Amino acid sequence: MSTSQQKTFSLRNLDEQDVSWIIEASNDVAIQQMTSHGGAQTQEAALSVINCSNGDFKSWAILGDNEPLGVISIHSVDGLSATADVGYWVAPWARRQGAAAAALRLLEKELSSSPEISCIQLKIMNANEPSLALARSLGFEEVSSGSCSCGTQGEVSARVFEKKI
């Protein structure tokens, strides 16, 4: 994609208009394997992502030129450490366009004004090389190894990255 054709990225609250594209994207095997909830392949599951009844604290649609490309979520906030556990996924048709990087930057900017959050944490499964590279490129520091719940794979080895904001 040439510089003159770069997308303008933004975040917006999820709502019921997002059900169909969330379901379509969730048919992707990578989303099923690498996300904490294994995707949302039914209307009920998509609505649980939208309404955060899947356990997430807050979720947004990642937009490129106002078109939905993925989801970024705060899974939880640890009040003692002021750390937001963040996850994201990008639809197959929108990968390698900078959507995840833009979403993390936008969320970091949004959270920087929140006194309750001073750190963003990413738990990335070891096999997810693109996300590992992205975290490093955005200045996240690898702080530990552990595991994360990753969709259809269950608990898998993961790396924990953090960035102070």
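Here is a quick tour of this protein's overall fold, its nonpolar cores and its salt bridges. Keep in mind that what you're looking at is a predicted model. The protein has 5 helices and 7 strands, and 47% of its 165 residues count as buried. A search of the whole structure turns up 5 salt bridges, and the largest nonpolar core is made of 29 residues.

**Overall fold**

- If you walk along the chain from the N terminus, the elements come in the order β-α-α-α-β-β-β-α-β-α-β-β.
- The radius of gyration is 15 Å, close to the 15 Å that the globule rule gives for 165 residues, so the protein is as compact as a globular protein of that length.
- Want a feel for the dimensions? The C-alpha trace spans about 40 × 35 × 30 Å along its principal axes.
- Take the contacts between residues at least 6 apart in sequence: 57% of them join residues at least 24 apart.
- The accessible surface adds up to about 8500 Å², and 47% of that belongs to carbon and sulfur atoms.

**The nonpolar cores**

- In the largest core, the residues with the most contacts inside it are Ile72, Val86, Leu104 and Leu122.
- Six elements are worth finding here, since each of them gives two or more residues to this core: β2 (58-64), β3 (67-78), β4, α4 (99-111), β5 and α5 (129-137).
- The top contributor is α4, which gives 8 residues to this core.
- There is another core lying apart from this one, with 15 residues, including Leu14, Ile31, Ala40 and Val49.
- Leu122 is a good residue to click on: even with its neighbours within four places in sequence left aside, Leu122 is in contact with Val86, Tyr88, Leu104, Ala135, Phe140, Arg159, Val160 and Phe161.

**A salt bridge between two strands**

- Lys123 and Asp85 pair up through their side chains in a salt bridge, at 3.9 Å from N to O.
- This pair ties together distant parts of the chain: Lys123 sits in strand β5 (residues 119-125) and Asp85 in strand β4 (residues 83-90), 38 residues apart.
- How covered are the two partners? Asp85 has a relative accessible area of 12%, so this residue is buried, being under the 20% cut-off.
- Lys123 has a relative accessible area of 39%, which means that this residue is only partly exposed.

**A salt bridge with a buried partner**

- Asp18 and Arg12 form a salt bridge through their side chains, with an N to O distance of 2.6 Å.
- Is Asp18 buried or exposed? Asp18 counts as buried, because its relative accessibility is 1%.
- Arg12, at a relative accessible area of 22%, is partly exposed, because the cut-off for buried is under 20%.

**A small network of charges**

- Which residues are linked in a network of salt bridges? They are Arg136, Glu142 and Arg159.
- Within this network, Glu142 and Arg136 form a salt bridge whose closest N and O atoms are 3.5 Å apart.
- Glu142 counts as partly exposed, at 36% relative accessibility.
- Arg136 counts as partly exposed as well, at 41% relative accessibility.
- You have already met Arg159, which is one of the residues in contact with Leu122.

Technical notes. Residues are numbered from 1 along each chain as its sequence is written. This is a predicted model: local features need pLDDT of at least 70, side-chain atom pairs count only at pLDDT 80 or more; totals for chains, interfaces and linings use all residues. Side-chain values use heavy atoms; hydrogens and water are left out. A salt bridge is a side-chain nitrogen of Lys or Arg within 4 Å of a carboxyl oxygen of Asp or Glu. Buried means under 20% relative accessible area, exposed over 50%, partly exposed in between (1.4 Å probe, protein chains only). Helices (H or I, at least four residues) and strands (E, at least two) are DSSP runs, numbered from the N terminus. A nonpolar core is a set of buried Ala, Val, Leu, Ile, Met, Phe, Trp, Tyr and Cys residues joined through side-chain atoms within 4.5 Å. Contact means heavy atoms within 4.5 Å. The radius of gyration is taken over C-alpha atoms; the globule rule is 2.2 Å times the number of residues to the power 0.38. Accessible areas come from the Shrake-Rupley method with a 1.4 Å probe; for residues, only the protein chains shown count as cover.
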